[in-house]
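Colleague: I would like a close look at one part of this model, with a walk through its surroundings afterwards. Please keep it plain enough for a first-year student.

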Amino acid sequence: MKDWQASAAALHDGGLRRMLIDGQWCAARSGEVIEARNPADGTLLATVPRGDARDIDAAVTAARNAFDGPWSRVTPFERQALLLRIADRIEAAWDDLCLSDTLDMGMPIQRTLANRRRVLGMLRFYAGQAVTLHGETIPNSFPGDIQSSTVREPVGVVGAIIPWNAPIAGSIWKIAPAIATGCTVVLKPSEEASLTVLMIARIMQEAGLPDGVLNVVTGHGAEAGAALAEHPGIDKIVFTGSTATGRAIARAATGTLKRVSLELGGKSPVIVCRDADIDKAVPVAAMAAFANSGQICIAGARLFVAREIHDDFVARVAAYAARLRIGPGIREETEIGPLISARQADRVAGYLAAGTREGAEVLTGGGRAEGPGLAAGHFYQPTVFGGVTDEMTIAREEIFGPVIAAMPFDTLDEVVARANATPYGLAAGVFTTHLGTAHKLAHRLKAGSVWVNMYHAIDPAVPFGGVKMSGYGREGGREHVEEYLDTKAIWINAD
Ligand code: NAD
C-alpha cells in the first residue's frame with residue numbers, strides 16, 4: 001500500500017502556486033491570493049493567485065496572439081502528436097495528480113485513481129479526432145460550373161470555466177478538444193480546487209504546448225470568471241457548473257453574442273422496477289447518489305422504487321449507506337470523503353433540516369459524521385429519506401450532497417411523468433430485467449444520458465450533456481469536437 005501521507009507533504013507545502021499566462025508562471029496583478037485548504041482537515045495546502053479582470057485580459061490577448069500566430073500553422077499531425085505526448089506525461093504523473101485532487105477537494109483517493117482509464121482515454125480520443133476534421137463537397141443547383149464545399153475551422157479563443165468537483169477530468173475535457181481543433185484556451189478553474197489544474201497546465205507546457213495556447217487564470221467566479229464570460233476577445237464559452245451560474249454566463253455572453261456550451265446541474269431520477277435484479281441494483285442505486293459525497297452533477301438523488309418492493313429495497317439501500325466508510329480521502333479504505341467547504345456543508349445541513357421539517361423520515365444518516373479524524377473536516381453521513389413526496393424541497397432541488405429522496409411508484413406511466421417533472425434533464429437510471437421496459441423508459445425519460453442496470457458510465461467517445469435546464473452542448477464523442485469548430489462555405493465559379 002502506498003504511503004499517500006508522505007507523498008502529500010512533498011506535493012503541497014503551503015507555498016504560492018503561480019498561474020499560467022502566455023507561457024509565464026505569474027502572480028495576480030493585484031498581488032492577492034486565495035488559500036487552498038484541505039476540506040478533510042483544514043490544513044493550508046497552498047495559495048493561488050486571485051486573478052481578476054486585468055489578468056483575464058492579459059490571458060485573452062495571449063490566447064488571441066497564439067491563435068492568430070504560430071498555433072494556426074501547427075498541422076493536425078502535430079496537434080495529434082502533442083496530445084499523445086501529453087497523455088503519456090499525464091499517465092506518468094497520475095498518482096501525484098490524483099493525490100493533489102484528493103487533498104484539494106476531498107475525493108477519495110480510490111476514486112481519483114479509478115478515473116485513469118477515462119482521463120487518458122480522453123486525451124488519446126481527442127488525439128485521434130485531430131486528424132479527422134474535414135468539410136464536404138456539396139452539389140448546388142446553380143447553372144454552370146460553380147463548386148461549393150465546406151471547411152471546418154477552429155472557433156477561436158475559448159473561455160473555459162469549471163467547477164471543483166472533478167478538476168482532472170473537468171479541465172482535460174475542456175482543453176483536449178481545443179488542442180485537437182486548433183483553438184486556444186483561457187481556463188478558469190474553481191477557486192475551491194485549482195491546484196491540480198495548475199499541475200496539469202505545467203505538464204502540458206513541458207510536453208511542448210506553445211506559449212499562449214493554454215492560459216490558466218485562478219480566481220473567484222464573480223471576478224475572474226465574470227470577466228472571462230463577458231470579454232469581447234473570447235469567441236466561445238464552455239462552462240460546467242451550477243444552473244444559476246450558467247444563466248449568468250449565458251447573459252454575460254450576449255453582449256458579444258459569443259457561442260456558449262453549458263454543462264449544468266441536475267436532479268436525476270433512478271427508477272427501480274419490480275422486476276429489477278435487487279442484489280445488483282442496491283449498491284449501484286446507492287452509489288448513484290453517494291459517490292463523491294453526492295457532489296456529482298449526475299447524482300441519482302431521486303430514487304423511485306416500485307411500491308411492491310419499495311420498503312425492502314429502500315431499507316437495503318439505507319443499510320448499504322450506513323456501512324460506507326467515511327474519512328479523509330487520503331485513506332485508501334475511504335468511500336465517502338468530506339464535502340468541499342463549510343459553505344457546502346451548511347447548504348447540505350439546510351436541506352437535511354428542510355427534509356425533516358417538511359415531513360420526510362430519516363432512514364439512515366441525517367447529519368454530520370463523527371469519529372476519529374473527522375472533527376476538523378466537512379464530513380456528512382450518507383442519508384436516505386423515506387416518506388418523501390414530489391413537492392418536498394429535497395425532491396426538487398439539487399443538493400450536491402450525499403442525500404437520497406426515496407419514493408414509491410405504481411405504474412410506468414406515472415413514474416415517467418414524475419421523473420420528468422423537473423426543470424433538469426441531465427441523467428436517469430433504470431433498473432429492470434424486462435427488455436421492453438428498458439427500451440420504453442430509456443426513450444421516454446427526458447435526459448441527456450440514460451443508464452439501464454448501471455450508472456455513472458461516461459466514455460470519451462460517447463456524448464454527454466443535458467437537456468432542459470441542465471444545459472446545452474455535448475462533451476465527449478464527435479459532437480464535442482463540433483462544439484469547437486465553425487463551418488465555412490466556399491464557392492468557386494470555375495467557368
Ligand atoms: P458554480 O456554478 O458555483 O461554479 C462553477 C465555476 O463558475 C467556478 O469556477 C466559479 O468560480 C465560476 N463562477 C461562479 N460565478 C461566476 C460568474 N458570475 N461568472 C463566471 N463564472 C462564475 O458551481 P460549483 O459549486 O463549483 O459546482 C457545482 C455545480 O456544478 C453543481 O450544480 C453541479 O451540478 C454542476 N456540475 C455540472 C456538471 C455537468 O457536467 N453537467 C459537472 C460537474 C458539476
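In which loop is His456 found?

Modeller: This is a predicted model, so read each value as computed from it. His456 is found in the loop between strand E17 (449-452) and strand E18 (471-472). His456 is not a glycine, yet it has a positive phi of about 70°. Its relative accessible area is 23%, and buried means under 20%, so His456 counts as partly exposed.

Asp22 makes a good companion to look at. It also has a positive phi, of about 55°, and it is not a glycine either. Asp22 sits in the loop between strand E1 (19-21) and strand E2 (24-26). With a relative accessible area of 37%, Asp22 is partly exposed.

Now take a loop residue that is buried. Ser194 lies in the loop between strand E7 (184-188) and helix H8 (195-206). Its relative accessible area is 3%, so it is buried. A polar atom of the Ser194 side chain lies 2.8 Å from the backbone oxygen of Ser190. Leaving aside residues up to four places away in sequence, Ser194 touches Val48, Asp104, Pro189 and Thr218.

Next, the nonpolar interior. The largest nonpolar core has 153 residues. Ile90, Ile172, Leu303 and Phe313 have the most contacts inside it. Helix H7 (residues 167-181) gives the most to this core, with nine residues. Look at Ile90 more closely. Not counting residues up to four places away in sequence, Ile90 touches Leu97, Val119, Leu120, Leu123, Ile172, Ile200 and Ile203. There is also a second, separate core of six residues. Among its members are Met105, Met107, Ala193 and Phe400.

Keep Phe400 in mind as we turn to the aromatic rings. A search of the whole structure finds five aromatic pairs. One of them joins Phe142 and Trp491. Their ring centres are 5.6 Å apart and their planes meet at 85°, so this pair is edge-to-face. Phe142 lies in the loop between helix H6 (116-130) and strand E5 (146-154), while Trp491 lies in strand E19 (residues 485-493). The pair therefore ties together parts that are 349 residues apart in sequence.

Trp164 and Phe400 form another pair. Here the ring centres are 5.5 Å apart and the planes are at 75°, so the pair is edge-to-face. This pair links distant parts of the chain, 236 residues apart. Trp164 is in the loop between strand E6 (157-161) and H7. Phe400 is in the loop between helix H14 (393-396) and strand E15 (403-409). Trp164 is buried, at 11% relative accessibility. Phe400 is buried too, with a relative accessible area of 16%.

Some rings have a charged partner. Arg118 lies over the face of Trp173, at 4.7 Å from the ring centre. Arg202 lies over the face of Trp25, at 4.2 Å from the ring centre.

Last comes the ligand. It is surrounded by 26 residues. The closest are Glu191, Ser242, Thr245, Leu264 and Glu398. A polar side-chain atom of Glu398 lies 2.5 Å from an oxygen atom of the ligand. The backbone takes part as well. A polar backbone atom of Gly221 is 3.2 Å from a ligand oxygen atom. For Gly241, a polar backbone atom is 3.3 Å from an oxygen atom of the ligand.

Definitions and conventions
Residues are numbered from 1 along each chain as its sequence is written. This is a predicted model: local features need pLDDT of at least 70, side-chain atom pairs count only at pLDDT 80 or more; totals for chains, interfaces and linings use all residues. Side-chain values use heavy atoms; hydrogens and water are left out. A nonpolar core is a set of buried Ala, Val, Leu, Ile, Met, Phe, Trp, Tyr and Cys residues joined through side-chain atoms within 4.5 Å. Buried means under 20% relative accessible area, exposed over 50%, partly exposed in between (1.4 Å probe, protein chains only). Helices (H or I, at least four residues) and strands (E, at least two) are DSSP runs, numbered from the N terminus. Contact means heavy atoms within 4.5 Å. Rings of Phe, Tyr and Trp (its six-membered ring) pair if their centres lie within 6.5 Å; planes under 30 degrees apart count as stacked, over 60 as edge-to-face and the rest as tilted. A charge sits over a ring if NZ of Lys or CZ of Arg is within 6 Å of the ring centre and within 35 degrees of the ring normal. A residue is near a molecule or strand if one of its heavy atoms lies within 4 Å of it. A polar contact is a pair of N or O atoms within 3.5 Å; within protein, one must be able to donate a hydrogen and the other to accept it, and residues adjacent in sequence count only if both atoms are side-chain atoms.
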